[in-house]
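This briefing introduces the structure shown below to a reader who has not met it before. It takes up the salt bridges and then the backbone.

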Amino acid sequence: MSSIKVKNQLNQIITISITATIFLFTLMFIIWTYNTDKQEGSQRLRDKLIEIKKTTDGLSKVKRLKLKALVKSISNSSMLKAALATSHEATISDTLNNMKSKNNLDFILILKNKKIIFSDSETTKKDQGLKETTAGVFIGAEKVGDNTILIGKGPTLKEISSWSDITGSKFILKRKNNDLIVKNYDKVINQRINNSIDNFTPDNKYIIGHQFLLKGS
């Protein structure tokens with residue numbers, strides 16, 4: 001009886017050992033599969049972000065080309081040339097105001113040696129330098145005699161929303177000082193967007209990537 005009892009106990013130990021080994025291998029396989037799926041999922045997200053960045057670069061290039069064509073048209077305006085010929089600040093400012101309003105621009109400047117010598121009245125009131133004025137907007141430039149005309153137009157919410165439709169992503173545009181320029185996201189993300197593409201929103205639903213589209217943003 002004692003021999004049979006010991007044998008049964010050994011059989012139970014062997015059975016438990018085999019069961020535990022099978023369970024351990026199964027658990028290891030599940031963990032390996034999970035990690036593999038997670039890596040593949042992260043790679044798909046990376047590939048998607050690269051695709052979005054390329055598309056967004058293309059869309060912003062189109063925007064810049066449109067401004068380039070517009071500033072060329074403005075520079076050939078006889079009204080602008082006549083205003084500049086007067087060298088009268090109020091006359092030039094009024095002309096720039098009209099052109100800014102007509103073309104729905106954020107600003108319109110006349111530069112000489114990279115310094116603002118004339119601008120629309122709203123920009124003049126802000127009393128900013130060239131760097132601050134042009135930050136976070138698309139710009140177009142064209143020579144007018146010895147001077148340069150510079151126009152600027154930031155991306156509108158409508159444009160950013162259309163970019164979302166094309167790329168299937170949400171956009172938040174920020175300046176370097178973290179001021180929000182425009183967003184089409186349903187809530188503000190309370191964290192800094194950094195260089196990592198593995199940077200998730202607090203709800204862990206959205207992965208964040210970043211790219212530089214505009215000067216100073």
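A salt bridge, as the term is used here, is a side-chain nitrogen of Lys or Arg within 4 Å of a carboxyl oxygen of Asp or Glu. The model is predicted, and by this rule the count comes to 4 salt bridges. One of them pairs Asp120 with Lys100, whose closest N and O atoms are 3.2 Å apart.

**The salt bridge of Asp120 and Lys100**

- Asp120 sits in the loop between β2 and α4 (121-126), while Lys100 belongs to helix α3, so this salt bridge ties together parts of the chain that are 20 residues apart in sequence.
- Salt bridges with shared partners bring Lys100, Asp120 and Glu122 together in one network.
- As for their surroundings, Asp120 and Lys100 are both buried.

**Salt bridges that involve helix α1**

- Lys63 forms a salt bridge with Glu159, and the closest N and O atoms of this pair are 2.6 Å apart.
- Because Lys63 is part of helix α1 (residues 2-75) and Glu159 is part of helix α6 (residues 157-167), the pair ties together parts that are 96 residues apart in sequence.
- Lys63 has a relative accessible area of 14% and is therefore buried, since buried means under 20%, whereas Glu159, with a relative accessible area of 22%, is partly exposed.
- Lys72 forms a salt bridge with Glu142, with 3.6 Å between the closest N and O atoms.
- This pair links distant parts of the chain, as Lys72 lies in helix α1 and Glu142 lies in strand β3 (residues 138-144), 70 residues apart.
- Lys72 counts as partly exposed at 44% relative accessibility, and Glu142 is likewise partly exposed, with a relative accessible area of 22%.

**Loop residues with positive phi**

- Asn104 is a residue other than glycine that nevertheless has a positive phi, near 55°, and its place is the loop between α3 (89-102) and β1 (107-112).
- With a relative accessibility of 52%, Asn104 counts as exposed, because the word exposed is used for values over 50%.
- Lys114, also a residue other than glycine, has a positive phi near 65°, and this residue is found in the loop between β1 and β2 (115-119).
- The relative accessibility of Lys114 is 71%, so that Lys114 counts as exposed.

Note on methods: Residues are numbered from 1 along each chain as its sequence is written. This is a predicted model: local features need pLDDT of at least 70, side-chain atom pairs count only at pLDDT 80 or more; totals for chains, interfaces and linings use all residues. Side-chain values use heavy atoms; hydrogens and water are left out. Helices (H or I, at least four residues) and strands (E, at least two) are DSSP runs, numbered from the N terminus. Buried means under 20% relative accessible area, exposed over 50%, partly exposed in between (1.4 Å probe, protein chains only).
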